[in-house]
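Visitor: Could you pick one spot here and give me a close look at it, then walk me on from there? I'm at the bench most days, so plain talk is fine.

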Amino acid sequence: IRSKESRLKIRHELKIPLDGYVIGHVARMTPWKGQALLLKAFLDYSTNNSNAYLLLIGTPVFDNDHYYNSIIKIIESNSLVHRVIMPGYRDDLHAMYSAMDLFLYPSIEKDTSPLALISAISSGLPVGVSNIASLTEIVDKCNQIDTFNPTKSDEMSAIMKKYENDEIRKKSGMLNREAGIKYFDISIHGQKMQQIIDLV
């Protein structure tokens, strides 16, 4: 569950203003997760919103240092080091979700039931995901989720613009949390399994 206390703590740690609009993403740093595409969309969007921040959480694995470094170079070359924050691996994701206002998930290849995405939904964040086939099951269960073509920056930018509105964020986040609890909460699945066992 997102909390005001965690929101204040993380934003203070990462030097993000309390009134800043934070777009977040969580995944390991690898090309098929789409961080470079998300960054491109943010670069376009941020020219019209000087109070927007992009929070990219995750680290490269295996031989993806080149991809990670290429993202850093794009950030540096656009003078956005203070507005695109990359804190690396974090084990306090619930607190990180509390610091965000919107969660975007731009995977470009098969990505079945990603825990970071499910956690963002269940935490009560408004969410946008790429319209790839493997994420269809999640999208179908959460009617408030926005979808986009990850190769089209303007579609991602439009979602960023949409959720500038605090009331829209709250309504969408609340409905996502309800769907997350209903469909993805591990305790719910545990109860259903126990009911089946009891019947047997």
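Guide: Let's start at S79, which sits in the loop that runs between helix 3 (65-77) and strand 3 (84-88). Keep in mind that this is a predicted model. S79 has a relative accessible area of 54%, and since the cut-off for exposed is over 50%, it counts as exposed. Its backbone is worth a look too: phi of S79 is near 55 degrees, a positive value in a residue other than glycine. Most residues other than glycine have a negative phi, so that's a good reason to stop here.

K15 makes a nice companion to S79. K15 is not a glycine either, yet its phi is positive, at about 60 degrees. You'll find K15 in the loop between helix 1 (4-13) and strand 1. With a relative accessible area of 70%, K15 is exposed, because that value is over 50%.

Follow the chain out of that loop and you reach strand 1 (residues 21-26), where six of its six residues are buried. In a regular strand the side chains alternate between the two faces of the sheet. Here, Y21, I23 and H25 point one way from strand 1, while V22, G24 and V26 point the other way, and all are buried.

Who are the neighbours of strand 1? One is strand 2 (residues 52-57), paired with strand 1 in the parallel sense over six bridges. In that pairing, I23 stands opposite L54 of strand 2. Put helix 2 (residues 35-46) together with strand 1 and strand 2, and you have a right-handed β-α-β unit. Strand 4 (residues 102-105) is another neighbour: it runs parallel to strand 1, with two bridges joining them. There, G24 stands opposite F103 of strand 4.

F103 takes us to the aromatics. Searching the whole structure turns up four aromatic pairs. In one of them, the ring centres of Y97 and F103 are 5.9 Å apart with the planes at 70 degrees, so this pair is edge-to-face. F103 also pairs with Y105: those centres are 6.2 Å apart and the planes are at 15 degrees, so that pair is stacked. Together, Y97, F103 and Y105 form one aromatic cluster. How much of each residue is accessible? Y97 has a relative accessible area of 1%, F103 comes in at 0%, and Y105 has 1%. Buried means under 20%, so Y97, F103 and Y105 count as buried.

On either side of strand 4 there's a loop residue to note. D101 is placed in the loop between helix 4 (93-99) and strand 4. D101 is buried, with a relative accessible area of 4%, and its side chain joins that of R7 through a polar contact of 2.7 Å. S107 is found in the loop between strand 4 and helix 5 (115-123). S107 is buried as well, with a relative accessible area of 0%.

From S107 we can jump to R169, which is 62 residues apart from it along the chain; their C-alpha atoms are separated by 22 Å. R169 is one of the buried residues of helix 8, along with S172, G173, N176, A179, G180 and F184. These buried residues cover an arc of only 130 degrees around the axis, which puts them on the same side of helix 8. Over on the other side of helix 8, E167, K170, K171 and K182 are exposed.

Does the length of helix 8 fall short of, or agree with, the span it should have? Helix 8 (residues 166-184) has 19 residues and should span 27 Å at 1.5 Å a residue; its end C-alpha atoms are 25 Å apart, which agrees. One last detail is the cap at the N-terminal end of helix 8: that's N165, with a side-chain oxygen 2.9 Å from the backbone nitrogen of E167.

Note on methods: Residues are numbered from 1 along each chain as its sequence is written. This is a predicted model: local features need pLDDT of at least 70, side-chain atom pairs count only at pLDDT 80 or more; totals for chains, interfaces and linings use all residues. Side-chain values use heavy atoms; hydrogens and water are left out. Helices (H or I, at least four residues) and strands (E, at least two) are DSSP runs, numbered from the N terminus. The expected span of a helix is 1.5 Å times one less than its number of residues. Buried means under 20% relative accessible area, exposed over 50%, partly exposed in between (1.4 Å probe, protein chains only). The arc is that of the directions from the helix axis to the C-beta atoms. A polar contact is a pair of N or O atoms within 3.5 Å; within protein, one must be able to donate a hydrogen and the other to accept it, and residues adjacent in sequence count only if both atoms are side-chain atoms. Two strands pair if DSSP finds at least two bridges between them. A crossover is right-handed if, with the strands pointing away from the viewer, the path from the first strand over the helix to the second runs clockwise. Rings of Phe, Tyr and Trp (its six-membered ring) pair if their centres lie within 6.5 Å; planes under 30 degrees apart count as stacked, over 60 as edge-to-face and the rest as tilted.
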